[in-house]
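Dear colleague,

Please find below the structure that I am handing over to you. A summary of the findings follows it.

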Number of protein chains: 2
Amino acid sequence: MTKIAKPPKRQIILEEAAKLFKDKGYGGTSMRDIAGQVGMEAASMYNHIKSKDEILDSICFRISDVYIAHLREVEELPLSFGEKVRVLIRLHIQLMVEDGPAVSVANHDWKYLPNARLTEFTTARRQYEKGFAALIAEGIAAGEFQAVNPTVALFTILSAVRWVELWFQPGRSLSAQELEDHIITMLLKGLEQR
Amino acid sequence: MTKIAKPPKRQIILEEAAKLFKDKGYGGTSMRDIAGQVGMEAASMYNHIKSKDEILDSICFRISDVYIAHLREVEELPLSFGEKVRVLIRLHIQLMVEDGPAVSVANHDWKYLPNARLTEFTTARRQYEKGFAALIAEGIAAGEFQAVNPTVALFTILSAVRWVELWFQPGRSLSAQELEDHIITMLLKGLEQR
DNA sequence: ATTTCTAACTAACATTTGTTAGTAAAAATA
DNA sequence: TATTTTTACTAACAAATGTTAGTTAGAAAT
């Protein structure tokens, strides 16, 4: 009988916090709300976390780290630019489907990070955007993509992917796989030259 | 000498509130924050507005009404489906550029509307989405568009447009007109059949 | 000139907020 | 077994919240 280690309390707190932050916003969620969801008094949570700010910090930077790592991996792959962009879009959608609440928080509530960490976060995000935009620009230079404005293309892609959280329900006619295919078709038929 | 009627206090409050809600969220903005921006004590604002909720209500429904009106107008125009979609996208972007903070609030903070009004708001939005999706579906049926999933197409469009608020600064290399052109190109080259 | 209305103010209210202190039971370690 | 560490609790805190009450100076209306 293999023992399944149940997740430590800290992680449960972070997960429940992410769900609540997604639904009610960072400012709209109280420590008592989170505690209620976890099944504990608000004060007890301070045995596992340092502060409300730190909860937000953990969620945002965990996601931001994943994004950066994905970009670095894709950059090293021996693929065409079109394929690299496809892979990145797939990774975006997969992360959204698997880790929805946390991604939502990283997308919406990062601005409530305390000052020092806020600039760190925006720097990381700009770095990601720069790397992604470079792939698009190189793809244009290589003749794979139409001569669109790379920034507009980048944000159109990021935006389209970001809203998956709002209209995707796992059981609802479309599977995650189909969703990926449809979005990629919609986006890249406009991006790739024919 | 023509007299320029300066806007009534109520409108100033709504405008400043929209800016603050956009930057700090509804929950993150206090009545004292708004009052400070308007140049007045928090309590004084209650001569012009009924409650904090009512501020949010005014902003959200003003924008929602504009969207619905735009849709109704476009539906009546004697245009192809491709052109109708183009017009709708242009109207979206224009509203965003002209009335940015209010649109942001209607996009992000509507969920903090009190219960009764919240369902009214989501109903209105679903109505808009339904009308827009119908245009896409009819365009497909008419052979103007590729046979994409209309829902995916709709949300890709709405999402792409929605993020204009995040990266468009009026003076910044791209004009509003160019922005419109680029986004439409990016989106419709994937939507229109060739 | 007198009254009424408008719009600002100060003071205060009851809640709710994030967080700390102190304590006790339970678990881990010796 | 004895001791230390972990984790939960209750109680309380100071600060911030949306809002009301009461008041007052000036503008508009009579």
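A polar contact here is a pair of N or O atoms within 3.5 Å; within protein, one must be able to donate a hydrogen and the other to accept it, and residues adjacent in sequence count only if both atoms are side-chain atoms. The model is predicted, so local features need pLDDT of at least 70 and side-chain atom pairs count only at pLDDT 80 or more, whereas totals for chains, interfaces and linings use all residues. Residues are numbered from 1 along each chain as its sequence is written, chains are lettered from A and ligands numbered from 1 in the order in which they are written, and side-chain values use heavy atoms, with hydrogens and water left out.

Contacts with DNA strand C

A backbone N or O atom of A:Thr29 lies 3.3 Å from a phosphate oxygen of DNA strand C. A phosphate oxygen of this strand is also 2.8 Å from a polar side-chain atom of A:Lys52. A:Arg32, by contrast, places a polar side-chain atom 2.9 Å from a base nitrogen of DNA strand C.

A residue is near a strand if one of its heavy atoms lies within 4 Å of it. There are 16 residues around DNA strand C, and A:Tyr46, B:Glu41, B:Ser44, B:Asn47 and B:His48 come nearest. The surface near the strand comprises five nonpolar, six polar and five charged residues; Ala, Val, Leu, Ile, Met, Phe, Trp, Tyr, Cys and Pro count as nonpolar, Asp, Glu, Lys and Arg as charged, and the others, Gly among them, as polar. Of the strand's atoms within 4 Å of the protein, 55% belong to sugar or phosphate and the rest to bases.

Salt bridges

Over all chains, the structure holds 20 salt bridges (a side-chain nitrogen of Lys or Arg within 4 Å of a carboxyl oxygen of Asp or Glu). One of them joins A:Arg117 and A:Asp57, with N to O at 2.7 Å. A:Arg117 belongs to helix α6 (residues 115–141) of chain A and A:Asp57 to helix α3 (residues 52–76) of chain A, 60 residues apart; helices are DSSP runs (H or I, at least four residues), numbered from the N terminus. A:Asp57 is buried at 15% relative accessible area, while A:Arg117 is partly exposed at 26% (buried means under 20%, exposed over 50%, partly exposed in between, with a 1.4 Å probe and protein chains only).

In chain B, B:Arg10 forms a salt bridge with B:Glu54, the closest N and O atoms being 2.5 Å apart. B:Arg10 lies in helix α1 (residues 9–24) of chain B and B:Glu54 in helix α3 (residues 52–76) of chain B, so this pair ties together parts 44 residues apart in sequence.

Yours sincerely

Methods. Helices (H or I, at least four residues) and strands (E, at least two) are DSSP runs, numbered from the N terminus.
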